[in-house]
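Student: Please take a close look at the aromatic ring pairs in this model. I would like the geometry with its cut-offs, and then some other local contacts.

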Amino acid sequence: MTTVSPTPDTTPVAPPPTAPHIVTAQTTPPASMRLRELAFGAACAAAVRAAARLGVADALDETPASAAELALVVDAEPAPLRRLLRALCCYGIFSETADGKFVHTEMSRLLREDDPNSLKYISLWCTEPWTWEVWPRLDDAVRSGTSVFPETFGKGFFEYLHQDAGESAQVFNRAMTTSSVQSAQDVADLLDLTGVSSVADIGGGQGHVLASLLEKHPSVHGTLLDLPGVVARADARLRDGGRLADRVRIVPGDCREDIPFQVDLYIIKNILEWDDESTRRTLRNVVAAARPGARVVIIENLVDDTPSMRFTTAMDLLLLLNVGGAKHTRESLVGRMSDSGLRVGEIHAVNAYLHAFECVVP
């Protein structure tokens with residue numbers, strides 16, 4: 001019996017269906033696209049503000065959630081919310097899973113109100129309604145070298161804030177408190193108080209830095225100096241009945257006018273960004289009040305040679321717009337200290353965005 005080998009089937013077989021081929025973008029976009037992205041930077045800022053105001057980060061817990069699920073919590077429409085989240089994911093604020101749900105990233109967690117390092121109110125402060133009025137006039141400020149705020153709103157920045165923009169003033173207060181609380185421990189960890197029995201926080205706001213220092217150094221006494229309306233809201237630890245109150249004196253006053261006490265160490269943090277005359281008067285008042293040999297530690301953001309230059313240079317421009325102030329370079333700050341009579345010593349990084357200048361009164 002003869003067997004016949006089967007003839008191979010040569011009928012063409014269609015390949016399985018595949019997804020359309022997508023050409024992926026370059027890892028680094030070309031210069032033309034990077035500039036387009038920067039020109040659209042307001043969209044990113046607006047998206048961060050919208051997420052903060054809607055409370056999206058607060059609504060998202062550790063379980064991945066769809067835009068529809070989040071929309072129910074934050075009282076929004078699912079489709080526009082998904083578009084907002086998609087835009088934020090491009091910047092690393094939230095991340096989208098393969099099945100179309102959203103999860104937290106390191107940055108999105110910072111928009112949660114309960115995060116110990118929360119930047120929710122700072123994000124809101126940097127995008128308050130008045131900012132959208134002054135940013136388009138940056139060219140005017142650069143031409144004139146002065147604030148555009150009085151011409152835009154008919155009054156000075158702080159006058160406007162407290163008279164016409166109550167909600168913005170509250171955001172400002174919460175943002176400044178958040179920033180101060182978060183940096184206070186960094187300052188306390190940095191400063192060596194060996195031989196110091198008294199310390200003063202000049203223009204110290206609610207006194208968070210002072211409170212952190214006093215908690216770390218039980219034998220040190222402290223003084224908080226700031227405007228009357230500011231020190232009235234001082235940290236509860238410093239006020240009557242607070243656990244540090246017996247080692248603190250709270251002095252209402254203006255450091256640009258007078259500093260009426262002597263201590264071993266004066267701290268000046270983030271207040272030398274007004275106009276030059278106010279900065280010079282403050283430094284000269286410290287030198288006039290202090291005993292020879294007293295320490296002065298000046299803590300500021302810098303706009304040169306720091307990891308946070310994108311942030312500090314942006315804040316520098318905003319200061320020009322709203323109050324006519326400026327952030328400092330090392331050179332400009334050292335120059336003002338030296339002109340006031342201070343002897344400038346070492347410069348230390350407090351954290352990624354603050355530097356401390358050690359000075360001595362001759």
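Tutor: The ring pairs come first, followed by single residues and the confidence values. This is a predicted model, in which local features need pLDDT of at least 70, side-chain atom pairs count only at pLDDT 80 or more, and totals for chains, interfaces and linings use all residues. Residues are numbered from 1 along each chain as its sequence is written, and side-chain values use heavy atoms, with hydrogens and water left out.

A pair of aromatic rings is described by the distance of the centres and the angle of the planes. Rings of Phe, Tyr and Trp (its six-membered ring) pair if their centres lie within 6.5 Å; planes under 30 degrees apart count as stacked, over 60 as edge-to-face and the rest as tilted. There are twelve aromatic pairs in the structure. One of them joins Trp 130 and Phe 149, edge-to-face, with 5.9 Å centre to centre and 70 degrees between the planes. Trp 130 belongs to helix H8 (residues 129–134) and Phe 149 to helix H10 (residues 149–153), so this pair ties together parts 19 residues apart in sequence. Helices here are DSSP runs (H or I, at least four residues), as are strands (E, at least two), numbered from the N terminus. Trp 130 and Phe 149 are both buried, where buried means under 20% relative accessible area, exposed over 50% and partly exposed in between (1.4 Å probe, protein chains only). The pair of Phe 153 and Tyr 160 is tilted, because the ring centres are 4.5 Å apart and the planes are at 40 degrees. Tyr 160 counts as buried at 15% relative accessibility. Ring pairs link a cluster made up of Trp 125, Trp 130, Phe 149, Phe 153, Phe 157, Phe 158, Tyr 160 and Phe 172.

Leu 320 is located in helix H16 (residues 309–322) and is buried, with a relative accessible area of 16%. Not counting residues up to four places away in sequence, Leu 320 touches Leu 138, Ala 141, Val 142, Gly 145, Thr 146, Ser 147 and Gly 325; contact means heavy atoms within 4.5 Å.

On confidence, the chain averages a pLDDT (the predictor's confidence in each residue, from 0 to 100) of 92, and 93% of the residues score at least 70. Over residues 1–14 the pLDDT is below 50, and this stretch has zero contacts in the model beyond near neighbours in sequence. Residues 16–25 also stay under 50, with zero contacts beyond four places in sequence.
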